[in-house]
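Subject: Structure handover, with notes on what was found

Dear colleague,

I am passing on the structure we spoke about, and would be glad if you could look through it alongside the notes below.

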Amino acid sequence: MKSRIFRAPEGSSTGGASEAATLSTAPAVGAHASAPLGPIKIAARDVSVFYGEKQALFDVSLEIPDKTVTALIGPSGCGKSTFLRTMNRMNDTIPGTRVTGRIEMDGEDINDRKIDPVLLRAQVGMVFQKPNPFPKSIYENVAYGPKIHGLASTKGEMDEIVQKSLKRAGLWDEVADRLHSPGTGLSGGQQQRLVIARAIAVEPEVILMDEPCSALDPIATAKIEELIDELRERYCIVIVTHSMAQAARVSQRTAFFHMGKLVETGDTEEIFTNPRERRTLDYITGRFG
Ligand SMILES: Nc1ncnc2c1ncn2[C@@H]1O[C@H](COP(=O)(O)OP(=O)(O)OP(=O)(O)O)[C@@H](O)[C@H]1O
């Protein structure tokens, strides 16, 4: 572990000792914060997003490593979700939205004409704030994507995909005996894991999570956080969270956004113990947001 001694950010007006005291109010960084990172999976270069006349993101450049959890943090309205949606072109579905700049996945421009956004969204899955299972059985929720994308040619193959995805999402043991019951009959936390299983079933490489725990109780939240940590071994994960404590617990990289701009990015431990920018310090210590 690196030292947690706080170095005052450049241009800071207050002294070291009082800053150190202030930083002690920042959330404790979890044991996984310094895990090794994979190669760059997604690279955003000068990305701006406009909703009609309104510019919501300004020239954001950010590299996101594979096999890593990257947390996007910042006050409400700073553009976290907007940025998240640029990575699987979900902004394309909002009328009047314009995205400029370049987003590469494995070096390939995801906005290139030859990219099919439906296939891209299978490769870059998304989990939303509120669990949104289809009004179908648990089995069908997971089998839906593989069916559309032709990933199984027999019932046996499909059964295997469903079982493997539910296992990876940490839900199998709780639902194995009721696969044909409605997904909507599960608890909120189970529904969120079902949605994660649904995303996993189509063999994604990236999983985007937009405040995945905000509708869950602390126990269900802890389970999802544990799951995120397990999934990191296989996938590139990007999570938007309002919870500083959650960002500190689950991520290895953190990007802090403010008013549509990326203020600072770095290793989570560094951001939470030794931020370079004054605005980051003020946000993580709860002075605004
Ligand atoms: N569909 C839309 N049409 C117009 N403006 C939008 C739309 N979606 C978001 N915005 C605006 O873009 C800005 C960034 O919004 P965004 O939802 O990305 O922020 P956020 O950081 O995710 O906020 P929150 O934490 O509250 O979810 C805000 O000013 C928001 O009002």
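The notes that follow take up the sheets, the surroundings of the ligand and the packing of some helices.

Please keep in mind that this is a predicted model, in which local features need pLDDT of at least 70 and side-chain atom pairs count only at pLDDT 80 or more, while totals for chains, interfaces and linings use all residues. Residues are numbered from 1 along each chain as its sequence is written.

Helices (H or I, at least four residues) and strands (E, at least two) are DSSP runs numbered from the N terminus, and two strands pair if DSSP finds at least two bridges between them. One open sheet has four strands in the order S2-S1-S4-S5, with antiparallel pairing. S2 and S5 (108–109) stand at its edges with a single partner strand each, so one side of each has no neighbour in the sheet. Within this sheet, S1 (residues 40–51) is joined to S2 (residues 54–65) over eight bridges, with Tyr51 having Lys54 as its bridge partner in S2. These two strands form a hairpin with two residues between them, and Gly52 in the turn has a positive phi of about 60°. S1 also pairs with S4 (residues 97–105) over eight bridges, where Phe50 has Arg98 as its bridge partner. S4 in turn pairs with S5 over two bridges, and there the partner of Glu104 is Asp109.

An open sheet of six strands has the order S6-S7-S8-S3-S9-S10, and its pairing is mixed. Its edge strands, S6 (124–127) and S10 (261–267), each pair on one side only. In this sheet, S7 (residues 206–210) and S8 (residues 236–240) run parallel and are joined by five bridges, with Val240 in S8 as the bridge partner of Asp210.

Turning to the ligand, the residues around it (those whose C-beta atom, placed from the backbone, lies within 6 Å) include Tyr51, Lys54, Gly74, Lys80, Thr82 and Ile94. H2 (80–86) and S2 each supply at least two residues of this shell, and H2 gives the most, with three residues. By class, the shell has four nonpolar, six polar and two charged residues, where Ala, Val, Leu, Ile, Met, Phe, Trp, Tyr, Cys and Pro count as nonpolar, Asp, Glu, Lys and Arg as charged, and the others, Gly among them, as polar.

As for the helices, the axes (lines fitted to C-alpha atoms over the stretch in contact, with angles from 0 to 180 degrees between N-to-C directions) of H4 (residues 138–148) and H7 (residues 188–201) come within 7 Å and cross at roughly 25°. That makes H4 roughly parallel to H7, a description used for angles under 35 degrees. Residues are in contact if their C-beta atoms, placed from the backbone, lie within 7 Å, and in this pair Ile138, Asn141, Val142, Tyr144, Gly145 and Pro146 of H4 meet Leu194, Ala197, Arg198 and Ala201 of H7. This contact has seven nonpolar, two polar and one charged residues.

H7 also packs against H8 (residues 218–231), at an angle of about 20° and with the axes 9 Å apart, which makes H7 roughly parallel to H8. Here Gly188, Gly189, Gln192, Arg193 and Ile196 in H7 meet Ala220, Lys223, Ile224 and Leu227 in H8, and these residues divide into four nonpolar, three polar and two charged.

With best wishes

Methods:
Angles under 35 degrees count as roughly parallel, over 145 as roughly antiparallel, 65 to 115 as roughly perpendicular and the rest as oblique. Two residues are in contact if their C-beta atoms, placed from the backbone, lie within 7 Å.
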